[in-house]
Amino acid sequence: MSVFGNVRQLGFMSRDIDRSMQYFVDNWGVGPWYVLRGVKNSMLYKGSRVELDMSIAMANCGDLQFEIVTQHNEAVSLYTNALTHTPELHVQHVAVWTEDVPHLEAAAHAKGWSAIFETISGPGRSVFVSHPSAPMVCIEISDCDPFKARVRETIRQQASEWDGYQPIREGLPE
(Lines give C-alpha, C1' and ligand atoms only; values in the text may rest on other atoms or scores of the structure.)
Protein backbone atom coordinates (compact mmCIF):
# COMPACT_ATOMS: atom_id res chain seq x y z
CA MET A 1 0.00 0.00 0.00
CA SER A 2 1.20 3.50 -0.86
CA VAL A 3 2.57 5.54 2.02
CA PHE A 4 1.07 8.71 0.57
CA GLY A 5 -2.25 7.69 -0.98
CA ASN A 6 -3.56 9.17 -4.22
CA VAL A 7 -1.61 11.86 -6.04
CA ARG A 8 -3.98 14.81 -6.38
CA GLN A 9 -1.72 17.43 -7.95
CA LEU A 10 1.26 17.85 -10.26
CA GLY A 11 3.29 20.90 -9.24
CA PHE A 12 5.35 22.56 -11.96
CA MET A 13 8.09 25.14 -11.50
CA SER A 14 8.40 27.68 -14.30
CA ARG A 15 10.49 30.71 -15.15
CA ASP A 16 7.53 32.22 -17.07
CA ILE A 17 4.09 31.43 -15.64
CA ASP A 18 2.17 33.07 -18.51
CA ARG A 19 4.02 31.13 -21.18
CA SER A 20 3.58 27.90 -19.19
CA MET A 21 -0.18 28.39 -18.73
CA GLN A 22 -0.53 29.13 -22.46
CA TYR A 23 1.48 25.98 -23.26
CA PHE A 24 -1.00 23.84 -21.33
CA VAL A 25 -3.99 25.62 -22.90
CA ASP A 26 -2.67 25.31 -26.47
CA ASN A 27 -1.04 21.88 -26.34
CA TRP A 28 -2.96 19.97 -23.66
CA GLY A 29 -6.31 21.74 -23.70
CA VAL A 30 -6.04 22.25 -19.92
CA GLY A 31 -7.91 25.18 -18.40
CA PRO A 32 -9.21 27.48 -17.25
CA TRP A 33 -6.22 28.64 -15.24
CA TYR A 34 -6.66 30.70 -12.09
CA VAL A 35 -3.55 32.75 -11.35
CA LEU A 36 -2.55 34.62 -8.21
CA ARG A 37 0.27 37.09 -8.81
CA GLY A 38 2.66 38.63 -6.30
CA VAL A 39 1.80 36.22 -3.49
CA LYS A 40 3.92 36.83 -0.39
CA ASN A 41 4.57 33.62 1.52
CA SER A 42 6.70 32.71 4.52
CA MET A 43 8.23 29.25 4.33
CA LEU A 44 10.82 27.14 6.08
CA TYR A 45 13.48 25.78 3.74
CA LYS A 46 15.77 23.22 5.38
CA GLY A 47 14.90 24.76 8.73
CA SER A 48 15.55 28.41 7.78
CA ARG A 49 12.80 30.96 7.27
CA VAL A 50 12.51 32.40 3.75
CA GLU A 51 10.18 35.11 2.46
CA LEU A 52 8.92 34.39 -1.04
CA ASP A 53 7.38 36.57 -3.71
CA MET A 54 5.73 34.27 -6.21
CA SER A 55 2.85 33.68 -8.58
CA ILE A 56 0.74 30.53 -8.51
CA ALA A 57 -1.61 29.21 -11.19
CA MET A 58 -4.01 26.28 -10.88
CA ALA A 59 -6.16 24.31 -13.32
CA ASN A 60 -7.49 20.78 -13.48
CA CYS A 61 -7.09 17.98 -15.99
CA GLY A 62 -9.94 15.70 -14.94
CA ASP A 63 -9.55 15.10 -11.21
CA LEU A 64 -5.81 15.91 -11.25
CA GLN A 65 -4.89 19.48 -10.38
CA PHE A 66 -2.01 21.16 -12.18
CA GLU A 67 -0.16 23.92 -10.31
CA ILE A 68 2.48 26.22 -11.78
CA VAL A 69 4.74 28.25 -9.48
CA THR A 70 7.04 31.10 -10.50
CA GLN A 71 9.23 32.66 -7.82
CA HIS A 72 10.00 36.33 -8.46
CA ASN A 73 12.59 37.08 -5.77
CA GLU A 74 16.06 35.61 -5.32
CA ALA A 75 15.50 33.95 -1.92
CA VAL A 76 17.02 30.48 -1.84
CA SER A 77 14.14 28.00 -1.70
CA LEU A 78 12.98 24.62 -2.92
CA TYR A 79 11.73 26.41 -6.05
CA THR A 80 14.98 28.22 -6.96
CA ASN A 81 16.91 25.04 -6.23
CA ALA A 82 14.67 23.11 -8.64
CA LEU A 83 15.26 25.65 -11.41
CA THR A 84 19.04 25.25 -11.23
CA HIS A 85 18.59 21.82 -12.81
CA THR A 86 16.39 22.76 -15.76
CA PRO A 87 16.01 25.76 -18.03
CA GLU A 88 12.20 26.06 -18.14
CA LEU A 89 8.99 24.30 -17.12
CA HIS A 90 9.23 20.98 -15.28
CA VAL A 91 7.47 18.90 -12.64
CA GLN A 92 8.78 20.03 -9.27
CA HIS A 93 6.51 18.03 -6.94
CA VAL A 94 3.47 15.84 -6.67
CA ALA A 95 0.94 16.56 -3.95
CA VAL A 96 -1.29 14.44 -1.78
CA TRP A 97 -4.15 15.90 0.23
CA THR A 98 -4.89 14.57 3.69
CA GLU A 99 -6.98 15.30 6.75
CA ASP A 100 -3.99 14.38 8.97
CA VAL A 101 -0.69 15.96 7.88
CA PRO A 102 1.23 14.95 11.05
CA HIS A 103 0.25 11.27 10.64
CA LEU A 104 1.26 11.15 6.97
CA GLU A 105 4.45 13.09 7.66
CA ALA A 106 5.37 10.56 10.40
CA ALA A 107 4.71 7.67 7.99
CA ALA A 108 6.99 9.35 5.43
CA HIS A 109 9.74 9.86 8.03
CA ALA A 110 9.51 6.15 8.91
CA LYS A 111 10.31 5.37 5.24
CA GLY A 112 13.35 7.69 5.21
CA TRP A 113 11.73 10.85 3.82
CA SER A 114 12.79 14.22 5.31
CA ALA A 115 10.79 17.44 5.55
CA ILE A 116 12.69 20.11 3.61
CA PHE A 117 10.11 22.84 2.92
CA GLU A 118 6.94 23.82 4.72
CA THR A 119 4.43 26.60 5.00
CA ILE A 120 4.51 29.07 7.84
CA SER A 121 1.73 31.35 6.62
CA GLY A 122 -1.67 29.89 5.69
CA PRO A 123 -4.13 28.90 4.65
CA GLY A 124 -3.66 25.44 6.13
CA ARG A 125 -0.42 23.50 6.23
CA SER A 126 1.80 21.92 3.61
CA VAL A 127 5.03 19.98 4.14
CA PHE A 128 7.33 19.00 1.28
CA VAL A 129 9.35 15.85 1.81
CA SER A 130 12.19 14.32 -0.19
CA HIS A 131 14.02 11.03 0.02
CA PRO A 132 17.84 10.80 0.03
CA SER A 133 17.83 8.24 -2.79
CA ALA A 134 16.04 10.71 -5.13
CA PRO A 135 16.25 14.18 -3.51
CA MET A 136 14.78 16.08 -6.49
CA VAL A 137 11.53 14.10 -6.27
CA CYS A 138 9.40 16.00 -3.76
CA ILE A 139 6.02 15.14 -2.36
CA GLU A 140 3.85 17.87 -0.92
CA ILE A 141 1.67 16.67 1.95
CA SER A 142 -1.12 19.23 2.03
CA ASP A 143 -4.01 19.47 4.43
CA CYS A 144 -7.70 19.74 3.58
CA ASP A 145 -8.19 23.18 5.08
CA PRO A 146 -11.81 24.26 4.29
CA PHE A 147 -10.67 27.25 2.21
CA LYS A 148 -8.26 25.13 0.16
CA ALA A 149 -10.86 22.38 -0.25
CA ARG A 150 -13.42 24.86 -1.59
CA VAL A 151 -10.95 26.37 -4.07
CA ARG A 152 -9.78 22.93 -5.24
CA GLU A 153 -13.34 21.71 -5.82
CA THR A 154 -14.38 24.91 -7.62
CA ILE A 155 -11.38 24.70 -9.96
CA ARG A 156 -12.12 21.03 -10.66
CA GLN A 157 -15.76 21.86 -11.41
CA GLN A 158 -14.84 24.81 -13.65
CA ALA A 159 -12.45 22.59 -15.63
CA SER A 160 -15.13 19.93 -16.15
CA GLU A 161 -17.44 22.55 -17.71
CA TRP A 162 -14.82 24.63 -19.52
CA ASP A 163 -15.56 25.44 -23.16
CA GLY A 164 -12.26 27.15 -23.97
CA TYR A 165 -13.51 30.64 -23.09
CA GLN A 166 -11.20 32.87 -21.05
CA PRO A 167 -8.40 30.34 -20.54
CA ILE A 168 -6.44 32.50 -18.06
CA ARG A 169 -8.31 34.17 -15.19
CA GLU A 170 -6.81 36.46 -12.58
CA GLY A 171 -7.53 35.57 -8.94
CA LEU A 172 -9.36 32.67 -7.40
CA PRO A 173 -12.64 31.28 -8.71
CA GLU A 174 -15.85 32.48 -7.12
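Student: How many salt bridges does the structure hold?
Tutor: The structure, a predicted model, holds 9 salt bridges.

Student: Which residue does Arg37 form a salt bridge with?
Tutor: Arg37 pairs with Asp18, and the closest N and O atoms are 2.7 Å apart. Arg37 sits in strand S2 (residues 33-45) and Asp18 in helix H1 (residues 17-28), so the salt bridge ties together parts that are 19 residues apart in sequence.

Student: Is Arg37 buried or exposed?
Tutor: Neither; Arg37 is partly exposed, with a relative accessible area of 38%. Asp18 also counts as partly exposed, at 35% relative accessibility.

Student: OK, new topic. What does Arg125 form a salt bridge with?
Tutor: Glu105, with 3.3 Å between the closest N and O atoms. Arg125 lies in the loop between strand S6 (114-119) and strand S7 (126-131), while Glu105 is in helix H3 (residues 101-110), so this pair ties together parts that are 20 residues apart in sequence.

Student: And why does Glu105 count as buried?
Tutor: Because Glu105 has 12% relative accessibility, and buried means under 20%. Arg125, at 28%, counts as partly exposed.

Student: Which residues do shared partners join into one network?
Tutor: Asp18, Arg37 and Glu170 are joined into one network by salt bridges that share partners.

Student: What about Arg19, which side chain does that one meet?
Tutor: The Arg19 side chain meets that of Asp16 in a salt bridge, at 3.7 Å from N to O. Asp16 counts as partly exposed, with 28% relative accessibility.

Key: Residues numbered from 1 in each chain as written. Predicted model: local features only at pLDDT ≥ 70, side-chain atom pairs only at ≥ 80, totals over all residues. Heavy atoms only, no water. Salt bridge = Lys/Arg side-chain N within 4 Å of Asp/Glu carboxyl O. Buried < 20%, exposed > 50% of the residue type's maximum accessible area, 1.4 Å probe, protein only. Helix = DSSP H or I, 4+ residues; strand = E, 2+ residues; numbered from the N terminus.
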